[in-house]
2 protein chains.
Amino acid sequence: MSESDLVVRSEHACFGGRQGFYEHPSAACASPMRFSVYLPPAALRGERVPALYYLAGLTCNEEHLPTKGQAHAVAAELGLALVACDTSPRATRYPGDDAAWDFGIAAGFYLDATQPPWSASYRMETHVVSELPSWVERHFPVRSDARGIFGHSMGGHGALTLALRHPDRYRSVSALAPIVAPSEVPWGVKAFTHYLGADRATWREHDATELVKSTQLASEILVDQGMADKFLERELQPERFEAACAAAGQRLRLRRHDGYDHSYYFIATFMADHLRHHAAILGA
Amino acid sequence: MSESDLVVRSEHACFGGRQGFYEHPSAACASPMRFSVYLPPAALRGERVPALYYLAGLTCNEEHLPTKGQAHAVAAELGLALVACDTSPRATRYPGDDAAWDFGIAAGFYLDATQPPWSASYRMETHVVSELPSWVERHFPVRSDARGIFGHSMGGHGALTLALRHPDRYRSVSALAPIVAPSEVPWGVKAFTHYLGADRATWREHDATELVKSTQLASEILVDQGMADKFLERELQPERFEAACAAAGQRLRLRRHDGYDHSYYFIATFMADHLRHHAAILGA
């Protein structure tokens, strides 16, 4: 693809750096895909900086981190680029893809669907792991040897599973209120049944609590969870991942925060800690 | 009105404090009015804290500061409460009130309209100056002797004019990309013609550049302006206020920032400076 495939939707000076919104044709998703990039001041001065990828939760898109994440001040200070993607393809439509807020549009679960019709374009894993970094590293001054990944809720599931499935691609990982055992909770069972089919053996490859039994990461995983999160007991269940990490010898720092809910007010509160976690590992 | 007039729409733990969204019947606006309050950790520990009121710009509402302002971390650190209001009445409707984005709904200009039909409910000055502080000071642990006010664009106009018209009510004032001479620019002329009528003599009482000629504030006024702001030349023209302040002896710190636009990325970048400006004056 040529340089002109990158569409600049808007760019804004921001904390001495630049917040941009872009679109690029996606082979993986068979449609244009939107993404956002924050470049810290160091990148505008010509340095190549580490890139931290953010995966948003159900109903969200590439605008949530830059508009609601309150990440810019600390990313600017640390010299971290922030990249955010969308949560599903948008252009190719299928019957029922907008019938529920937790499946289909804005609910791609960061995997490559194997079941029709979804398999034709719901290939978010290939999009996030391969395609998006190739665009970002071609068009922006970011390092290809210093990628981190984090996310919220469904995006926390995405960050954990993609880091465990591609340990060569990411050096640091963290999550906020992640879905850690999708095979065992309603959101995950619904999504996996449609995207991956009825054979639960295939689900294990996209379930962080299963994956960590066979793959451990070199760096500590940071997870924050609000204890007033209305999805905690039914959908999130961080104790499942905590037990699996302990059994497998994976270093995990799981922090439980009284009073915090599932919102971006929770995310923003602990954002700086996540950026510092990644920067320390990535050498920002 | 009784305590039960306050409707709690939602509350969220946030940076050790609490971000809330509320609604209250408004006599001034003849309708329920929404507002938001951030209480810093000090307030939750029982201290009464200074309150900084934020006035948003055209098309915005009480959610813009908490969702896009990136103010929480510094407000928590400084022990400042943040209060944001809506930009117009919403419930009472008039012909043409949603025909344009720069007049009517979400464009109340923070004044009490004198012309029918607007005068029946577009009384944002009374709402902001009297009614809202009375609710906030009754229901939340904030000080009534330490109010500051700031705003963006139309809200910057509101902050400057309300501080100059009610110097007993506010001890500190600042603005981001404010409309400083509404009598002379298209946004202001349109709004004032409808809300105040054709007699331009009445307009002077709601024009910061005119007001500062006869009233000066004890504290320095901080104004930030992006030089890539697409409204700079046609609607904002900060040099008019700069000249009027210089002539009148009003202390003004006007900062011009190359490359910054009119967006919340500009606002967020300079938010911490504004909070520190107010905290220093209010004794936070």
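This briefing walks through a predicted two-chain model, from the annotated site to the chain pairing.

In the model, local features need pLDDT of at least 70 and side-chain atom pairs count only at pLDDT 80 or more, while totals for chains, interfaces and linings use all residues; side-chain values use heavy atoms, with hydrogens and water left out. Residues are numbered from 1 along each chain as its sequence is written, and chains are lettered from A and ligands numbered from 1 in the order in which they are written.

**The annotated site in chain A**

- An unreviewed UniProt entry carries the annotation "active site" for Ser153(A), Asp229(A) and His262(A). The three span 110 residues in sequence, but no two of their C-alpha atoms are more than 10.7 Å apart, so they gather at one spot. UniProt positions appear in the numbering used here, feature names are shortened, and annotations may be inferred rather than shown by experiment.
- Ser153(A) sits in the loop between strand 6 (142-152) and helix 5 (154-165) of chain A. Helices (H or I, at least four residues) and strands (E, at least two) are DSSP runs, numbered from the N terminus.
- With 3% relative accessibility, Ser153(A) is buried; that label means under 20% relative accessible area, with exposed being over 50% and partly exposed in between (1.4 Å probe, protein chains only).
- Not counting neighbours within four places in sequence, Ser153(A) has contacts that include Gly57(A), Leu176(A), Trp187(A) and His262(A). A contact here means heavy atoms within 4.5 Å.
- His262(A) also lies in a loop, between strand 9 (252-257) and helix 10 (264-282) of chain A. His262(A) is buried too, at a relative accessible area of 15%.
- Leaving out residues up to four places away in sequence, His262(A) touches Ser153(A) and Asp229(A), among others. So this histidine is in contact with both of the other annotated residues.

**Glu235(A) and Trp187(A)**

- Glu235(A) belongs to helix 8 (residues 232-236) of chain A and is buried at 3% relative accessibility.
- The Glu235(A) side chain reaches the backbone nitrogen of Trp187(A) at 2.9 Å.
- Beyond its neighbours within four places in sequence, Glu235(A) is in contact with Ile179(A), Val185(A), Pro186(A) and Trp187(A). Ile179(A) and Trp187(A) are also on the contact list of Ser153(A).

**Helix 5 of chain B**

- Helix 5 (residues 154-165) of chain B has twelve residues and runs 16 Å from its first C-alpha to its last, close to the 16 Å expected at 1.5 Å a residue. The expected span is 1.5 Å times one less than the number of residues.
- Eleven of the twelve residues are buried, so this helix is mostly covered. Among the buried ones are Met154(B), His157(B), Thr161(B) and Leu164(B).

**Cysteines**

- There are zero disulfides over all chains, a disulfide being a pair of cysteine sulfur atoms within 2.5 Å.
- Cys85(B) is in no disulfide, and its nearest cysteine sulfur, in Cys29(B), is 9.1 Å away.
- Cys85(B) is buried at 1% relative accessibility, and Cys245(B) is buried at 1% as well.

**How the two chains pair up**

- Rotating by 180° with 0.0 Å of shift along the axis puts chain B on chain A at an RMSD of 0.0 Å. That is the relation of a two-fold axis. Copies are superposed by least squares on the C-alpha atoms of residues with pLDDT of at least 70 in both.
- In chain B, the C-alpha nearest the axis belongs to Gln70(B), at 2.5 Å from it. Both copies use the same surface, as 100% of the contact residues of chain B recur in chain A.
- Gln70(B) is placed in the loop between helix 2 (64-68) and helix 3 (72-78) of chain B and is buried, at a relative accessible area of 11%.
- Within its own chain, Gln70(B) has its C-alpha 5.4 Å from that of Ala268(B), although the two are 198 residues apart along the chain.
- Across the interface, contacts of Gln70(B) include Phe15(A), Gln70(A) and His72(A).
- The side chains of Gln70(B) and His72(A) are joined by a polar contact of 2.8 Å. A polar contact is a pair of N or O atoms within 3.5 Å; within protein, one must be able to donate a hydrogen and the other to accept it, and residues adjacent in sequence count only if both atoms are side-chain atoms.
- His72(A) is in helix 3 (residues 72-78) of chain A and is buried, with a relative accessible area of 2%. Its contacts include Tyr38(A) and, from chain B, Gln70(B) and Tyr265(B).
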